[in-house]
Amino acid sequence: MTTAAPPFSVARTLATATRVLRQLRHDPRTIALMLIVPCVMIALLRYVFDAHPRTFDSVGASLLGVFPMITMFLVTSIATLRERTSGTLERLLAMPLGKADLLGGYALAFGALAIVQSALATALSVWLLDLDISGSLWLLLLVAVLDALLGTALGLFVSAFASSEFQAVQFMPAILMPQLLLCGLFTPRDTMQPALRAFSNVLPMSYAVDGMTELLTHPTLTTAFLHDITIVTACTLGILALSTTTLRRRTG
């Protein structure tokens, strides 16, 4: 018989986050995927546009949010799926541990890594690759972290619908690729066909890119920027809340 879940506890949430980080510490390939791959991709992009540095400036800031979102989505979905398929998640849910404690611990652990990842990518882009932005470096880091947290939330949510790591990876083109194509990275959203523009208006990555674009072109904090990061934050919290509905035992 399953023990009733207690109310939310900071101590249990921190204990869960510590356990997840301890497991990740012994997985160097995952650490490399989270911390090194986004930096390598941004550096590669910089030298692809070596003869046109202004082009890198126009897309580099946006990709500074997109790349961490993609990697955090992959890592979080696969790591959480392993917990499910190994039976770890079921054993935890049978303990006096609330869903909010468990989900909060996962989000906190991956969120901490998202902060490190975003800080590395931002420092590399601005100080070594000469990314030129008009806005604050700290605001750029803030948006990068929020985008990575959004990827974490999406990964936690979709992991419930996959039965293997291969299926978890298959969710990337279904969840992230439409957002990547419609976020305004390749062409301004207001020039898109009306139906596609309307669809892009409900995709969180669109507001992540819009926020980065605001920092690229405006030296001061704007209302549009606050609007964009508010939507990204709300989407992240909403997706995490939805994830609690999929966090259940698989057996009776």
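A residue counts as buried under 20% relative accessible area, as exposed over 50%, and as partly exposed in between. M41 comes out at 36% relative accessibility, so M41 is partly exposed. Keep in mind that this is a predicted model.

M41 sits in helix α3, which covers residues 37–48. M41 also belongs to a nonpolar surface patch, together with V37, L44 and V48. Put together, the four have about 340 Å² of accessible area.

Now for the pockets. The largest one holds about 340 Å³ of space. Its lining is made of 15 residues, and L24, D27, T30, A79 and R82 are the closest to the centre. Helices α1 (10–25), α2 (28–35), α4 (53–85) and α6 (99–128) each bring at least two residues to that lining, with α4 giving the most, six residues.

The second largest pocket has a volume of about 290 Å³. Here 19 residues form the lining, and those closest to the centre are G184, P188, R189, D210 and T213. Two or more residues come from each of α4, α11 (204–217) and α12 (223–246). This time α11 gives the most, with five residues.

Which classes of residue make up each lining? Here's the split:

| Pocket | Nonpolar | Polar | Charged |
|---|---|---|---|
| Largest pocket | nine residues | two residues | four residues |
| Second largest pocket | seven residues | six residues | six residues |

So much for the overview; α4 is worth a look in the viewer, as α4 supplies residues to the lining of the largest pocket and to that of the second largest pocket.

Conventions. Residues are numbered from 1 along each chain as its sequence is written. This is a predicted model: local features need pLDDT of at least 70, side-chain atom pairs count only at pLDDT 80 or more; totals for chains, interfaces and linings use all residues. Side-chain values use heavy atoms; hydrogens and water are left out. Patches are made of residues with over 30% relative accessible area and no salt bridge: like charges are joined within 9 Å, nonpolar side chains (Val, Leu, Ile, Met, Phe, Trp, Tyr) within 5 Å. Accessible areas come from the Shrake-Rupley method with a 1.4 Å probe; for residues, only the protein chains shown count as cover. A salt bridge is a side-chain nitrogen of Lys or Arg within 4 Å of a carboxyl oxygen of Asp or Glu. Helices (H or I, at least four residues) and strands (E, at least two) are DSSP runs, numbered from the N terminus. Buried means under 20% relative accessible area, exposed over 50%, partly exposed in between (1.4 Å probe, protein chains only). On a 1 Å grid over the protein atoms alone, a cavity is a set of points where a 1.4 Å probe fits but cannot get out, and a pocket is an open set with protein on both sides within 12 Å along at least five of seven lines; lining residues have an atom within 4 Å of a point. Grid points are joined across faces, edges and corners, and a volume is the space filled by probe spheres set on the points. Ala, Val, Leu, Ile, Met, Phe, Trp, Tyr, Cys and Pro count as nonpolar, Asp, Glu, Lys and Arg as charged, and the others, Gly among them, as polar.
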